[in-house]
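Got your viewer open and a hand on the mouse? Let's take a short walk through this model, one selection at a time.

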Amino acid sequence: MTPEEVLAFAKHKGIAMVDLKFNDLPGLWQHFTIPISELDEGVFTDGVGFDGSSIRGFREIHESDMLLIPDPATAVLDPICKAPTLSMISMVSDPVTKELYSRDPRFVAKKAETYLKSTGIADTSYWGPEMEFFIFDDIRFDQSVNFGYYFIDSNEGEWNTGRDEDPNLGYKPRYKEGYFPVPPHDSQQDLRTEMVMNLIDVGIGIEAHHHEVASGGQAEIDMKFDTLTTMADKCMLYKYIIKNVARRHNKVVTFMPKPLFQDNGSGMHTHQSLWKEGANLFFDANGYGKISKLAKHYIAGLLKHAPALLAFCAPTTNSYKRLVPGFEAPVNLAYSMRNRSAAVRIPMYSDNPKSKRIEFRPPDCTCNPYLSFAALLMAGLDGIRNELDPGDPVDKNIYDLATEEAANIKTVPGSLDAAMAALEADHDFLLEGGVFTEDLVDVWIQYKKEREIDAIRLRPHPYEYHLYFDL
């Protein structure tokens, strides 16, 4: 929509409030709301002021004034707010220079799309993230000087088969067997359907929804693919809607990669392809897995830069509790047709040239999608520009390889600390075309080290008491 169309839409829908949303650096939506009387065409050019020093990863207090510039193309009727509310995603701007802000994640995504076109390699990239999450019935956690704990509960968790529920009706999916029996095992069918209907109402195309592998309410709702920035916008709207629909039913959603011990974690397998003048550049009818030479160069870029990429794609300490062998986790830096133990998989569901893509499997939903997609694109383009070779595919279960053969396959970093070290050593490819800036990379590394890595490292873990208290 144009600004004029947004104003007409607001009048037609009887809008009372306008909610302006934007992304902080780690990836959480922020917002504030203005009455509809404050919305005119000038807002779309002049913006609305806010305090950037209170936003994670943004400005210092002496340079805090910033502007939000609403993007009229993102206007939707908010499905969550009680009063009729128009929701728009905004870009962040400096009120003095009038330039878009280099640490605004959405601006990074926009620059990545512009850079892609400037290379002449392709004019469009398409993205299809598979977002997994858990729906729990209770979550408690706390940490202080003398205690630290978490407690999760789910009405369908296998650990509750013996609980007195007056009555307990059973049908709780066994560990690693949640994929995907019908109700009554799948107790969240209607809830996921309600989520899907809300997503469709705001213009997000949905392909399917289902229970996922883990017990305790793991779920997946798959969106139809879209272009880079638009898909990142949809990821943010998706999380907002799903969390709030769950709350309507007195349940809670988490996108944490590994909330449960000894069951499958939640990932965000990210499908991607490059197109030019309406043709899919990743398709070759005669190629391995029906992918082109260009697609193999792209894959090689992903594999070469994977350790650094995970600093953005798997950006939490909890991410590396998911990225371990044995839970369908893609820890091996290899590529293959169909093989889910490889970091890069070539889906083989269809021979249609339009559906050919590659899937990068290590990311999870704690990532900031604007930064994650942009980083993946930059790595793939680096592989194409330098004609990198991904080597031979590995069409075996890598977990079952002989020790000598397995030793030749590199793996993803084992911790967030290692991923940050990799990013520090390897990020020039991200700076091409000014897509990422040195400033953003530096702030990201500093934030993650100080606020997350050190915060976890300094605190005793409950299991350490089991291991060491009696020594």
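Start by selecting helix 4, residues 189–201, together with helix 5. In this predicted model, the axes of the two helices come within 10 Å and cross at roughly 135°. That angle makes helix 4 oblique to helix 5. Turn the view until one helix lies over the other: the crossing is right-handed.

Now show the side chains where they touch. On helix 4, pick Leu191, Glu194, Met195, Asn198 and Leu199. On helix 5, pick Tyr238, Ile241, Ile242, Val245, Ala246 and Arg248. Colour them by class and you get eight nonpolar, one polar and two charged residues.

Stay on helix 4 and click Asn198. Is Asn198 buried or exposed? Asn198 counts as buried, because its relative accessibility is 10% and the cut-off for buried is under 20%. Leaving out residues up to four places away in sequence, Asn198 touches Pro79, Ile241, Val245 and Arg248.

Next, keep helix 5 (residues 228–248) on screen and add helix 8, residues 369–385. What angle do their axes make? They cross at roughly 150° and come within 9 Å of each other. So helix 5 is roughly antiparallel to helix 8, since angles over 145 degrees get that label. Here, too, you're looking at a right-handed crossing.

Which residues make this contact? From helix 5, select Leu228, Thr229, Met231, Ala232, Asp233, Cys235 and Met236. From helix 8, add Pro369, Tyr370, Phe373, Ala374 and Leu377. Sorted by class, the contact of helix 5 with helix 8 has 10 nonpolar residues, one polar and one charged.

Time to go inside. The largest nonpolar core holds 96 residues, and the members that touch the most others are Phe133, Met195, Leu274, Leu423 and Phe436. You've already met Met195, in the contact of helix 4 with helix 5.

Centre on Leu423 and look past its neighbours within four places in sequence. Leu423 is in contact with Ala308, Ala311, Phe312, Leu430, Val441, Trp444 and Ile445. If you'd like a side trip, a second, separate core has 21 residues, including Val6, Ile15, Leu20 and Phe22.

Back to Leu423's partner Ala308, which is found in helix 6, residues 293–313. Ala308 counts as buried, because its relative accessibility is 1%. Try the distance tool on the C-alpha atoms of Ala308 and Tyr298: these residues are 10 apart along the chain, and the atoms are separated by 16 Å. Setting aside neighbours within four places, Ala308 is in contact with Ala419, Ala422, Leu423, Asp426 and Phe429.

Last stop: Phe436. Where does Phe436 sit? Look in the loop between helix 11 (428–431) and helix 12 (438–457). Phe436 is buried, with a relative accessible area of 1%.

Now add Ser102 to your selection. Phe436 and Ser102 are 334 residues apart in sequence, yet their C-alpha atoms are 7.8 Å apart in space.

To finish, show what Phe436 touches, not counting residues up to four places away in sequence: Val108, Phe312, Leu371, Ala374, Ala375, Leu430, Leu431 and Val441. Some of these should look familiar: Ala374 was part of the contact of helix 5 with helix 8, while Phe312, Leu430 and Val441 are among the contacts of Leu423.

Definitions and conventions
Residues are numbered from 1 along each chain as its sequence is written. This is a predicted model: local features need pLDDT of at least 70, side-chain atom pairs count only at pLDDT 80 or more; totals for chains, interfaces and linings use all residues. Side-chain values use heavy atoms; hydrogens and water are left out. Axes are lines fitted to C-alpha atoms, for helices over the stretch in contact, and angles run from 0 to 180 degrees between N-to-C directions. Helices (H or I, at least four residues) and strands (E, at least two) are DSSP runs, numbered from the N terminus. Angles under 35 degrees count as roughly parallel, over 145 as roughly antiparallel, 65 to 115 as roughly perpendicular and the rest as oblique. A crossing is left-handed if the near helix is turned anticlockwise from the far one by less than a right angle, and right-handed if clockwise. Contact means heavy atoms within 4.5 Å. Ala, Val, Leu, Ile, Met, Phe, Trp, Tyr, Cys and Pro count as nonpolar, Asp, Glu, Lys and Arg as charged, and the others, Gly among them, as polar. A nonpolar core is a set of buried Ala, Val, Leu, Ile, Met, Phe, Trp, Tyr and Cys residues joined through side-chain atoms within 4.5 Å. Buried means under 20% relative accessible area, exposed over 50%, partly exposed in between (1.4 Å probe, protein chains only).
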